[in-house]
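This report is meant for a reader meeting the structure for the first time. It moves from one residue and its surroundings to the nonpolar cores and then to the surface.

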Amino acid sequence: MAFYQSPKKISAFDAKFEAQKIAFAPVTFQVAHCLLKFGILDFIDKQGDEGASLTQITEALSLSEYVVSVLIDMGLGMGLVWQNQDHYILDKTGYFLLHDDMATTNLNFIQDVCYQGLFELDKSLLSSKPEGLKVFGDWDTIYPALSQLPEQAKKSWFEFDHYYSDHAFPILLPLIFEHQPKHLVDIGGNTGKWALACTQFNADIEVTIMDFPGQLAVAKQNAIEHGVEQRVHGFATDLLDDNSPFYQGADTYWMSQFLDCFAKDQILAILKRAAAAMNSDSQLFILETYWDRQPFEASAYCVNATSLYFTAMANGNSRMYHSKDMLKLISEAGLYVDQDTDDIGLGHTLLRCKLKP
């Protein structure tokens with residue numbers, strides 16, 4: 001990690017401008033959202049190098065001059081468009097905001113899931129509770145509420161969650177199956193995307209998903225639709241409740257983008273329960289995006305920003321961790337890492353753990 005190790009090389013004048021950008025960040029985010037939602041960036045893009053005039057945009061999209069002009073003027077300052085006389089042309093940042101699927105996924109997630117709730121970030125930090133979650137209902141954490149979120153919020157949440165894991169699947173599947181698992185327990189398996197990927201990759205694998213009943217119901221339906229309901233099983237439990245059951249004796253346990261959903265003491269408790277369920281031949285795979293293992297500063301920025309979603313919306317006390325924190329917890333739980341693989345998919349790290357002798 002070569003970034004964050006020294007002061008940024010930036011003039012005082014430019015640094016002052018960056019401070020103003022932060023002050024107006026909620027405005028610029030909503031401007032970007034509206035420019036996309038109303039089709040303004042898309043229309044400008046389709047006009048190519050010639051660009052589009054204010055009149056052309058308003059007539060084509062049936063928007064008022066006020067709506068288009070106030071958004072476009074701010075878009076100029078944001079670097080989304082540039083102006084050639086009376087025509088507006090898409091700039092590089094606008095191009096990626098419009099065409100980059102990562103930017104689209106992240107923006108929709110923040111708009112539909114996080115934006116309103118982030119107003120309560122200060123309260124969440126002080127109370128260690130997701131105070132912003134109340135915009136959706138009365139839940140202690142977001143996880144049992146996922147199947148009951150408003151449709152757009154639910155759609156954006158799952159698209160965000162799946163986007164990062166899906167990019168890793170083609171690399172992960174051969175890595176996992178080179179160890180010849182026979183029964184994989186997917187801890188926190190959600191809608192069963194990983195379980196389905198495993199059954200499609202290997203015709204003999206049995207998968208048990210451990211999760212809340214609401215998520216298991218969705219996973220079961222997905223398994224039926226893919227014709228693998230005989231090999232994908234549900235195991236309802238609350239992983240934070242020591243009195244709830246934990247699947248025992250499987251040869252392979254799997255945690256994907258899961259432990260970042262918990263505080264350190266909770267992670268340690270879950271890892272200890274997993275270790276107690278394992279036998280000497282069992283293996284535990286942990287897939288996470290650690291901010292210190294990111295290949296680029298842009299990805300570290302996104303990972304650390306995601307931590308604040310956990311604070312305000314998810315549970316109030318978890319985050320995207322530094323890898324050293326996770327390695328310490330793994331060791332404290334009675335496990336050791338015998339395989340450590342970075343740069344999987346979009347900045348994931350895969351840790352293969354075994355019981356300490």
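Setting aside residues up to four places away in sequence, Ser318 touches Asp260, Cys261, Phe262, Ala263, Ser307, Phe310 and Thr311. The model is a predicted one, and in it Ser318 is placed in the loop between helix 13 (297-314) and helix 14 (323-332). Ser318 counts as buried because its relative accessibility is 4%, where the limit for that class is under 20%. Its side chain also takes part in polar pairings. A polar atom of the Ser318 side chain lies 2.9 Å from the backbone oxygen of Asp260. The side chain of Ser318 also makes a polar contact, at 3.0 Å, with the side chain of Asn315.

**Nonpolar cores**

The largest nonpolar core comprises 55 residues, and the members with the most contacts inside it are Met255, Leu271, Ile286 and Tyr309. Helix 12 (residues 264-277) gives the most to this core, namely 7 residues. For Leu271, the contacts beyond four places in sequence are with Met255, Leu259, Leu284, Ile286, Leu329, Ile330, Ala333 and Leu335. A second core, separate from this one, has 26 residues, and Phe169, Leu184, Ala195 and Val207 are among them.

Leu184 belongs to strand 4 (residues 183-187). With a relative accessibility of 0%, Leu184 counts as buried. Apart from neighbours within four places in sequence, Leu184 is in contact with Ile176, Trp194, Cys198, Ile205, Glu206, Val207, Thr208, Thr252 and Trp254. Val207 is thus named both as a member of the second core and as a contact of Leu184. The C-alpha atoms of Leu184 and Phe38 are 45 Å apart, with their positions 146 residues apart along the chain.

**A surface patch**

On the surface, Met1, Tyr4 and Tyr301 form a nonpolar patch, and together they have about 360 Å² of accessible area. Tyr4 is found in the segment before helix 1 (12-23). Tyr4 counts as partly exposed because its relative accessibility is 40%, and that class lies between the limits of 20% and 50%.

The table sets out the accessibility of three of the residues discussed.

| Residue | Relative accessibility | Class |
|---|---|---|
| Ser318 | 4% | buried |
| Leu184 | 0% | buried |
| Tyr4 | 40% | partly exposed |

How values were computed:
Residues are numbered from 1 along each chain as its sequence is written. This is a predicted model: local features need pLDDT of at least 70, side-chain atom pairs count only at pLDDT 80 or more; totals for chains, interfaces and linings use all residues. Side-chain values use heavy atoms; hydrogens and water are left out. Patches are made of residues with over 30% relative accessible area and no salt bridge: like charges are joined within 9 Å, nonpolar side chains (Val, Leu, Ile, Met, Phe, Trp, Tyr) within 5 Å. Accessible areas come from the Shrake-Rupley method with a 1.4 Å probe; for residues, only the protein chains shown count as cover. A salt bridge is a side-chain nitrogen of Lys or Arg within 4 Å of a carboxyl oxygen of Asp or Glu. Helices (H or I, at least four residues) and strands (E, at least two) are DSSP runs, numbered from the N terminus. Buried means under 20% relative accessible area, exposed over 50%, partly exposed in between (1.4 Å probe, protein chains only). A nonpolar core is a set of buried Ala, Val, Leu, Ile, Met, Phe, Trp, Tyr and Cys residues joined through side-chain atoms within 4.5 Å. Contact means heavy atoms within 4.5 Å. A polar contact is a pair of N or O atoms within 3.5 Å; within protein, one must be able to donate a hydrogen and the other to accept it, and residues adjacent in sequence count only if both atoms are side-chain atoms.
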